[in-house]
Amino acid sequence: MHLPISDKIELNILHQNSHQAEKNKVKFNNYNLLCLNIMSSPGAGKTRLLEITLEDLSKKFHSAVLEGDMTTNLDAARLEKLNIPVVPITTGRACHLDANMVSGGLKLLEKKINPDLLDILLVENVGNLVCPAEFEIGEHFKVALLSITEGEDKPLKYPIMFREADLILITKVDLLPHLNFDINELKSNITSTNPKADVIEISSVTKSGFDLWQDWISKKILKFKNN
Amino acid sequence: MTKCLILSMEEWAEKKNKKKIVVEKINLKIGEFTCVEPISLINTFNAAVLGSWLDSSEITIETIPFEGKCSKCNRLYFPKKENGYKSPCCNFNLEEIISGRELKIASIDFKEK
């Protein structure tokens, strides 16, 4: 044996994922395809949000979904009813989508449709407020959902997720009259964690806020296409 | 995260000729404002590498403090969730993060066989 050698590499642990995410982004850009990474805890309303959103959005923009799920294709089956291309990505034991999985999903999507024909790709991540925040997938924007039943303190308890998000959707606001919930405290916690994030209150029951959310998406698509 | 660490080590070792080296220490720098709990990373790494070429390696973790910069007075401060991550000097929201997001392999100590 020789003397120990110290190799100072200063290498990001996630560099392989970041590298693949960059490759995904280049692909999205070449297809002129805006990609949103939709994240939240389980049950915050991601799939229902997409169902309602895509009913209108797909009339104006050509849309597709990559549907991340740990064990089932149940959410993908719901979205397939909207007659848009949907690719399920079953992660198995993994609690988040990573850039490789999304690359695989994109290859399957390419078999269903020429992505040049698409305007927007919505990627529904696995329900989890921790790991998805650290793993880039090549998205242009991150959207985090937070339902009011989860509590006002969640932006402080899961700060990376809410810090990284470009848009935070406060969901299930139709339940406000029935809960002892301080939405101003939640908004204050969001702002202190991420002062730059856009925030929209939304309800999949009353459809309140969907006009703002659809407007947000439309503006992002048009700006992206014009660049 | 453990998988990413092992993949990074595999990639590094390929350049070194894996069969001719023994990794003694993997020295990490992990920021406080990340989704990584250091002890969990060590435990899962130790379990994952059992019986592999990394079996005898040890992980050391240097924790990098979570530090922000007050956007009003430019003072550096340590954001606390109890205070909503606001600056104690001016009570401003956390805008600029100076450190705490690191997820790095700083260095690898190894011996050649």
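1. Two residues are taken to be in contact here if their C-beta atoms, placed from the backbone, lie within 7 Å. By that criterion, and bearing in mind that this is a predicted model, A:H15, A:Q16 and A:N17 of helix α1(A) meet B:C4, B:L7 and B:S8 of helix α1(B). Sorted by class, the contact of α1(A) with α1(B) comprises two nonpolar and four polar residues, with no charged residues.

2. As for the geometry of this helix pair, α1 of chain A covers residues 15-30 and α1 of chain B covers residues 2-16, and their axes come within 8 Å and cross at roughly 90 degrees. Because angles of 65 to 115 degrees count as roughly perpendicular, α1(A) is described as roughly perpendicular to α1(B).

3. Within chain B, strand β1 (residues 21-31) pairs with strand β2 (residues 58-64) in the parallel sense, and the pairing extends over seven bridges. One position to look at in the viewer is B:L28, which stands opposite B:I61 in β2(B).

4. The same two strands of chain B also belong to a right-handed β-α-β unit, in which β1(B) and β2(B) are joined by helix α2 of chain B, residues 38-48, as the helical member.

5. Turning to chain A as a whole, eight helices and eight strands are assigned to chain A, and its C-alpha atoms fill a box of roughly 70 × 40 × 35 Å along the principal axes. For 227 residues a compact globule would have a radius of gyration near 17 Å, so the 18 Å of chain A agrees with that expectation.

How values were computed:
Residues numbered from 1 in each chain as written. Chains lettered and ligands numbered in written order. Predicted model: local features only at pLDDT ≥ 70, side-chain atom pairs only at ≥ 80, totals over all residues. Axes fitted to C-alpha atoms, helices over the stretch in contact; angles between N-to-C directions. Helix = DSSP H or I, 4+ residues; strand = E, 2+ residues; numbered from the N terminus. Parallel < 35°, antiparallel > 145°, perpendicular 65-115°, else oblique. Nonpolar A, V, L, I, M, F, W, Y, C, P; charged D, E, K, R; others polar. Pairing = 2+ DSSP bridges. Right-handed = clockwise from strand over helix to strand, strands pointing away. Rg over C-alpha atoms; globule rule 2.2 N^0.38 Å.
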